[in-house]
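Hi everyone, thanks for making time for this. I'd like to walk you through one structure, so please have a look at it on the screen and we'll go from there.

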Amino acid sequence: MPATPPTTAPDAAARAGGEAGGEAVAGTPAEAVVGPLVRGVDVLRRLAGAGGTLSPGALERATGLARATVDRITGTLARMDYVRLDGRDVVLAPRVMELGNAYLAALRLPALLDARADALADELDESVSLAVADLDGIRFVHQATRRRALSVSFRVGDLLPAERTAPGALFAAEWTEPDWTRWRTRRTADPQHTTFPAIHSPSPSSPVSSFRARAERARRDGWALDDQLIEPGLVAVSVPVRDPGTGRVACAASVVSHTSRHSAADLRTSLLPRLRTAVEAMEADLRTAPPPEAGPPPAGLATWTTASKHELGRDFVESLARGLTVLTAFGEGRAALSLTDVARATGLSRATARRALLTHEHLGLLAAHDDRTFTLTPRVLDLGFPPLSRLSLPRLAEPHLRALADQVREPTALAVLTPDGTEIQYTAGAGASRVLTVHIPVGTRLPATATSLGRVLLADTATRRSPDLAEIRTRGHALVDEELESGLRSIAVPVRDRSGRAVAALNVATHAARRTLDDCVRDLLPALRETADRIQRDLHTASRFTEVAAS
C-alpha cells in the first residue's frame with residue numbers, strides 16, 4: 001500500500017527550484033549546498049520548460065551562468081546520456097526520464113492504478129488522469145488520453161495551479177492555514193501563473209474567497225468540478241482516491257472533456273457516477289496491494305563518475321553527476337531512505353551523499369522526515385519528464401539512426417508491421433552521403449516477406465513460422481539479398497519493448513557491389529545490434545510509466 005505522497009517541501013520558494021542559486025532554506029546549512037548540482041538542476045528545469053531544446057546561448061541567458069559553465073554542465077549531462085548535443089542545440093534525451101521514473105516507482109500509485117484509469121478512459125471514451133498534490137499545485141502522474149483532433153494535451157509531470165483545476169480543490173480541502181498563506185503568497189507574486197509552463201491561457205479573475213469556497217464544497221461533496229478554469233472549452237470532474245492507511249487524499253482521479261462533447265453539468269450527472277465506481281475499485285486495489293518488493297538499486301555509480309572524471313578532467317562536473325545519481329537510489333520498495341541507505345546504494349561516501357541529499361532538499365526535490373529518512377517529491381518530474389512523456393518510437397530512434405548511418409556510411413531505417421501483418425511501414429530513417437544510395441520515404445509500405453525488416457518482425461510475431469522464419473528468430477537477424485530490388489541488400493534486427501516483444505525493426509541497406517553477404521554480417525551486424533540496444537534502453541526507460549507510440 002503506498003503512503004500518501006508528501007504535499008510539502010521545505011519552503012514555497014522551492015517552486016523556483018533554486019533557479020537563481022538562492023540561499024539555502026531554513027535548516028539547510030549554506031555550506032552543505034552543492035553549487036554545481038544546483039546549477040545542473042536549473043539547466044534541466046530550463047530545458048524542460050522550453051519544451052526540451054535550447055541553444056547553449058539561450059541557456060546562458062536563462063540561467064545567468066557563464067558560457068563556460070553552461071558548456072561544462074551540458075557536457076556532463078551528455079556524458080550521463082541525459083541530454084544530447086545536437087548541432088547548435090542541447091536536447092533532453094530519454095535517459096533523463098530515469099529520474100522521474102524513480103519518483104513514480106517510489107510513489108507506486110501509477111503502477112497500482114493505471115489499469116483502472118485506462119479502462120475508465122476506454123469505457124467513457126474520454127481522457128482520464130491521476131494527479132497528486134505538489135505544494136499549492138497539482139501534478140499529473142498518469143494520463144490516459146483519447147487520440148482525437150481536439151484532445152487534452154496535458155502530459156505526465158505537468159504542474160498546474162491548484163485553483164484552476166478540479167483536483168486542486170480536493171487537495172485544498174485538506175490544507176492548513178500555513179498552506180493557505182503559502183498559496184496566497186504565490187498568487188500575489190505570480191497572478192498570471194507564469195511559473196507554470198503548462199499554462200498557456202491567462203488566469204481568470206476570481207477572488208481568493210471563491211477558491212476557498214470551492215475547496216469547502218469539494219470537502220463536503222466528495223468531488224470537484226472544473227468548468228473552463230484552466231482553458232476555455234475544457235471541463236473536468238474529479239474524485240479523491242484516499243490512502244487506506246491515513247484516510248487522506250493520495251491522488252485525484254479526473255475525467256476530462258471539452259464543452260463540444262459534455263457540459264460541466266453533464267459531467268456531473270452522466271460521468272461522475274462511473275468515475276466514483278472506478279475510484280472505489282482503485283481504493284480497493286490500494287487496500288489489497290501487497291508490500292512493494294525492492295529491486296536492486298543502481299550499482300557502480302560512484303565508480304562510473306570517478307572514471308568519467310579521470311577521463312574528461314575538468315570538463316566533467318563530478319559533483320553534479322554524483323548528486324543526480326542520488327535520486328536514482330530511490331524507487332519501488334525504496335521510497336524512504338536514510339543517509340546510510342543512499343550511501344550504500346550509490347557507493348558514495350556518507351559526506352558526499354549527505355551534501356547531495358541536503359541540496360536536493362534545498363531544491364524541493366526531497367523531503368526530510370522526523371525518522372531521519374528522505375523521500376522524493378513530485379518536483380523530481382520537473383527534471384525533463386514532461387517534454388519526453390509523449391515520445392514516439394520514431395522520434396526516440398532518429399538520433400540513433402543518424403549516428404548509425406554516419407558510422408557505417410549506409411542508409412538506415414526503422415519500420416513496423418501493419419496491423420494485418422502483411423506489410424511493413426517505414427517510420428523513420430537516416431540517409432548516407434553517397435552518390436548511389438537507398439532512399440525509401442517515411443510512410444512507404446512494402447511486402448513484409450520481401451524485406452529484411454518484415455522478416456525479422458514476422459519471425460517474432462507469426463503464430464506459425466516457416467523453417468526460414470524459425471532460423472531468423474534463432475540467429476536474431478534477417479538478411480535479404482536482391483529480392484526486393486536488383487542490387488539491394490539489407491540486414492535487419494528487432495527492437496524489443498520492456499516485455500521482450502518485437503515492436504519495430506531496424507535495418508541497414510547497401511548495394512551489392514559495395515558489400516558481400518559476409519561483409520554485411522561481419523561489418524554491419526555488430527553496429528546494427530549495438531544501435532538496437534541503445535534504442536531499446538531508451539525505449540525501456542521512456543515507456544516505464546508513459547506510452548511510447550510505435551509510429
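Let me start with a question: which element supplies the largest share of the lining of the second largest pocket? The answer is H4, with four residues. Please keep in mind that this is a predicted model, and that everything I quote today is computed from it.

Let's stay with that pocket for a moment. The space in the second largest pocket comes to about 660 Å³. Its lining is made of 26 residues, and Arg95, Glu98, Pro298, Thr328 and Arg544 are the closest to the centre. Helix H4 (97–107), helix H10 (301–312) and helix H18 (517–542) are the elements that give two or more residues to this lining. If you care about chemical character, the lining of the second largest pocket splits into ten nonpolar, seven polar and nine charged residues.

Now the largest pocket, which has a volume of about 1100 Å³. Here 44 residues form the lining, and those nearest the centre are Arg147, Thr546, Glu547, Val548 and Ala549. Helices and strands both take part: helix H5 (109–124) and helix H16 (452–461) each supply at least two residues, and so do strand S5 (137–144), strand S13 (412–417) and strand S18 (502–511). H5 gives the most to the lining of the largest pocket, namely four residues. By class, you will find 19 nonpolar, eleven polar and 14 charged residues around the largest pocket.

What about enclosed space? How many cavities of 30 Å³ or more are there? The count is three. The largest cavity has a volume of about 100 Å³. It is lined by 14 residues, with Phe140, Pro167, Asp226, Ala236 and Val256 closest to its centre. Helix H6 (166–172), strand S8 (234–242) and strand S9 (249–258) are the elements giving two or more residues to that lining. S8 has the largest share in the largest cavity, three residues. As for character, the lining of the largest cavity has nine nonpolar residues, four polar ones and one charged.

Let's move on to helix packing. Two packed helices are described by the angle between their axes and the distance between the axes. For helix H11 (residues 318–327) and helix H13 (residues 350–362), the axes come within 9 Å and cross at roughly 75°. That crossing angle makes H11 roughly perpendicular to H13. If you want to find the contact on screen, look for Arg322, Gly323, Leu324, Val326 and Leu327 on the H11 side, which meet Thr352, Ala356, Leu357 and His360 on the H13 side. The contact of H11 with H13 counts five nonpolar, three polar and one charged residues.

Last stop, a sheet. Strands of a sheet pair through backbone hydrogen bonds, either parallel or antiparallel. In this one, three strands make an open sheet in the order S10-S12-S11, with antiparallel pairing. Strand S10 (336–338) and strand S11 (366–368) are at the edges with a single partner strand each, so one side of each has no neighbour in the sheet. From one strand to the next, the twist averages 35°. S11 and strand S12 (residues 373–376) run antiparallel and are joined by three bridges. Looking at one residue there, Ala368 has Phe374 in S12 as its bridge partner.

That's my tour, and I'm happy to rotate the view for anyone who wants another look.

Notes. Residues numbered from 1 in each chain as written. Predicted model: local features only at pLDDT ≥ 70, side-chain atom pairs only at ≥ 80, totals over all residues. Heavy atoms only, no water. Axes fitted to C-alpha atoms, helices over the stretch in contact; angles between N-to-C directions. Parallel < 35°, antiparallel > 145°, perpendicular 65-115°, else oblique. Contact = heavy atoms within 4.5 Å. Nonpolar A, V, L, I, M, F, W, Y, C, P; charged D, E, K, R; others polar. 1 Å grid on protein atoms, 1.4 Å probe; cavity = no way out; pocket = protein on both sides within 12 Å on 5 of 7 lines; lining within 4 Å. Points joined across faces, edges and corners; volume = space filled by probe spheres on them. Pairing = 2+ DSSP bridges.
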